[in-house]
Amino acid sequence: KNTISEYLDSGTVEDEVYNTSATVIKELDDLDIYRTEAVDLQWDSPYLNRNYGARSGINGISSYYSYSSGYMADMLSDLGLSQKYQNFAISSYDQRTVLDTLSAVKYVTVPTYRQNCVPYGYTYRETIGDTLIYENNNALPLMYTYDTVISYDQYEKLSMNEKEQAMLQGAVIDSDFLPATNLSFNYVTVLDKESIMEQINSQSEESQYENDRISIDNATQFTFHLPESVTGEVYLMMEGIEYEEFSLGDYWKQYLTSDESLITKNSKLLNRISQKSTRSAVIDTNFNDSSKRGYVFAKGHQYYGGKKDILFNLGYVENFSSDITLYLRNEGIYSFDNISVVVQPMDKYGEQVENLRSETNNISVEGNHITGDVKTESEKILCVAVPYSDGWSATVNGKAAEIKLLNNRYIGIELAAGENHVELSYTTPGLFLGFKVSAVAIVIFIIYWLINNKKEKKKE
């Protein structure tokens, strides 16, 4: 299958490593600690950018293989992140405004031809080469605080778009340290499942929709018409989606009912079977010239994980109406629990972000140590926007403090009112135990060697 073409030619590797819009961030004179989201150079090849932060020496949000935290992967699955291929492959946060801000993203870099992907609330800063830099007007530091909490039981009952909005209002954490959050949502469902399926059935004679299943024989495009102009972030949400390839019997049934000769039928059948080995489906979306790509795995694929939720962020618009295009690129059967188009107004977003902001100073990240000063007027729960791990330990004003999983992915610490000096240290779990085991093994080996050597001398 021409596998060699997937590799780079000698002498081109270094250029490819730095072939990402995020590298221009190094030219900014900004000493803050922040993350950068890089819009992919090619929307239909999102994984060319994978690990751009580790490759380029900046704080990015793409991760791949061992750079991925299990907590991060689970959280992003809960939120239906469309730019997550396998569980360990995160391309970007899909330019979702709230998710970026809660992750301490301060800048977004974008190729000049993909400006429609810039999230809500960002201001153009400058152009470097062919890359535009936009700054988050509501950027949060690496440390921010909550004054109410949401239980995980309550959180799990929310839809994927509600979960994101919930984390903007309260800390999702197992704690009764603070009062419960009074959650409120203001999103609008402009197209529900029934109206979308009516549009699908009226557009394609080749597709068959029955019992929440769409069966297509070829790559098929559907267009959804918005009933009115909308203002806000536009989401195409597909809940509980699964993909199933056609079986061998499906192909025989399809070709044995044609009028072609038996030889032609058999040759076409074998050709189709030889091409159906991916066990995955590609789903493309487009709205207002903003295109996104997602993936669904079939049963039998090595990365299949059951039903999947996907939320495509199609960008922020104001008083805008346009068609949404859904392109199912692989023949087969697509089943789902729900499909809808949701618009999330951003009128409360700025105020909600400000409620998370406390007075923070001297935040520092050096090696495996994070320090910072946080001043609060009342009891708060501190969020340190760094992936949670059992290897972290913390002190507040010199006293040991318990670390808890917050928002299903980050570090949470309970803080008393007043001035708090926070220090965190990371040690790889099992590292010291490994040292001890190795030391004991070395001692045993030396003793064995000495005894064995003494016996050999006696024999001589």
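Helices are DSSP runs of at least four residues, numbered from the N terminus. The exercises below use a predicted model.

**Exercise 1. Find the helix that holds Leu450, and decide whether Leu450 is buried, partly exposed or exposed.**

Solution.
1. Leu450 belongs to helix H11, a helix that covers residues 431-459.
2. Buried means under 20% relative accessible area and exposed means over 50%, with partly exposed in between.
3. Leu450 has 47% relative accessibility, so it counts as partly exposed.
4. On the surface, Leu450 joins Ile442, Phe445, Ile446 and Trp449 in a nonpolar patch, and together they have about 540 Å² of accessible area.
5. An α-helix has 3.6 residues a turn, so residues three or four places apart point the same way.

**Exercise 2. Name the residues of the positive surface patch that includes Lys455, and classify Lys455 by its accessibility.**

Solution.
1. The patch consists of Lys454, Lys455, Lys458 and Lys459.
2. Lys455 is located in helix H11.
3. Its relative accessible area is 52%, and therefore Lys455 is exposed.

**Exercise 3. Determine which parts of the chain are tied together by the salt bridge between Lys292 and Asp94.**

Solution.
1. The side chains of Lys292 and Asp94 come to 2.6 Å, N to O, in this salt bridge.
2. Lys292 is in strand S16 (residues 290-297) and Asp94 is in the loop between S3 and H4, so the bridge ties together parts 198 residues apart in sequence.
3. Both Lys292 and Asp94 are buried; for Asp94 the relative accessibility is 0%.
4. Asp94 also has a positive phi, near 65 degrees, although it is a residue other than glycine.
5. A search of the whole structure gives 15 salt bridges.

**Exercise 4. State how many residues of helix H6 are buried, and find the salt-bridge partner of Glu164.**

Solution.
1. Helix H6 spans residues 160-167, and eight of its eight residues are buried, so the helix is largely enclosed by the rest of the structure.
2. Among the buried residues of H6 are Glu162, Lys163 and Glu164.
3. Glu164 forms a salt bridge with Arg96, with the closest N and O atoms 3.0 Å apart.
4. That pair links distant parts of the chain, since Arg96 sits in the loop between S3 and H4 and Glu164 in helix H6, 68 residues apart.
5. Arg96 and Glu164 are both buried.

**Exercise 5. Asp40 is buried; find how far away the nearest side chain of opposite charge is.**

Solution.
1. Asp40 lies in the loop between S1 and H2.
2. The nearest side chain of opposite charge is that of Arg114, at 4.9 Å.
3. A salt bridge needs a side-chain nitrogen of Lys or Arg within 4 Å of a carboxyl oxygen of Asp or Glu.
4. Asp40 has no salt bridge.
5. Beyond its neighbours within four places in sequence, Asp40 is in contact with residues including Pro46, Asn49 and Arg114.
6. The loop between strand S1 (35-38) and helix H2 (52-56) also holds Asn51, a residue with a positive phi of about 60 degrees although it is not a glycine.
7. Asn51 is buried, with a relative accessible area of 12%.

**Exercise 6. Classify Arg357 and Glu354, which share a salt bridge, by their accessibility.**

Solution.
1. The salt bridge joins their side chains at 3.1 Å, N to O.
2. Arg357 has a relative accessible area of 31% and is partly exposed.
3. Glu354, with 42%, is partly exposed.

Terms used: Residues are numbered from 1 along each chain as its sequence is written. This is a predicted model: local features need pLDDT of at least 70, side-chain atom pairs count only at pLDDT 80 or more; totals for chains, interfaces and linings use all residues. Side-chain values use heavy atoms; hydrogens and water are left out. Patches are made of residues with over 30% relative accessible area and no salt bridge: like charges are joined within 9 Å, nonpolar side chains (Val, Leu, Ile, Met, Phe, Trp, Tyr) within 5 Å. Accessible areas come from the Shrake-Rupley method with a 1.4 Å probe; for residues, only the protein chains shown count as cover. Lys and Arg count as positive and Asp and Glu as negative; His and the chain ends are not counted. The place of a charge is taken as NZ of Lys, CZ of Arg, CG of Asp or CD of Glu. Helices (H or I, at least four residues) and strands (E, at least two) are DSSP runs, numbered from the N terminus. Buried means under 20% relative accessible area, exposed over 50%, partly exposed in between (1.4 Å probe, protein chains only). Contact means heavy atoms within 4.5 Å.
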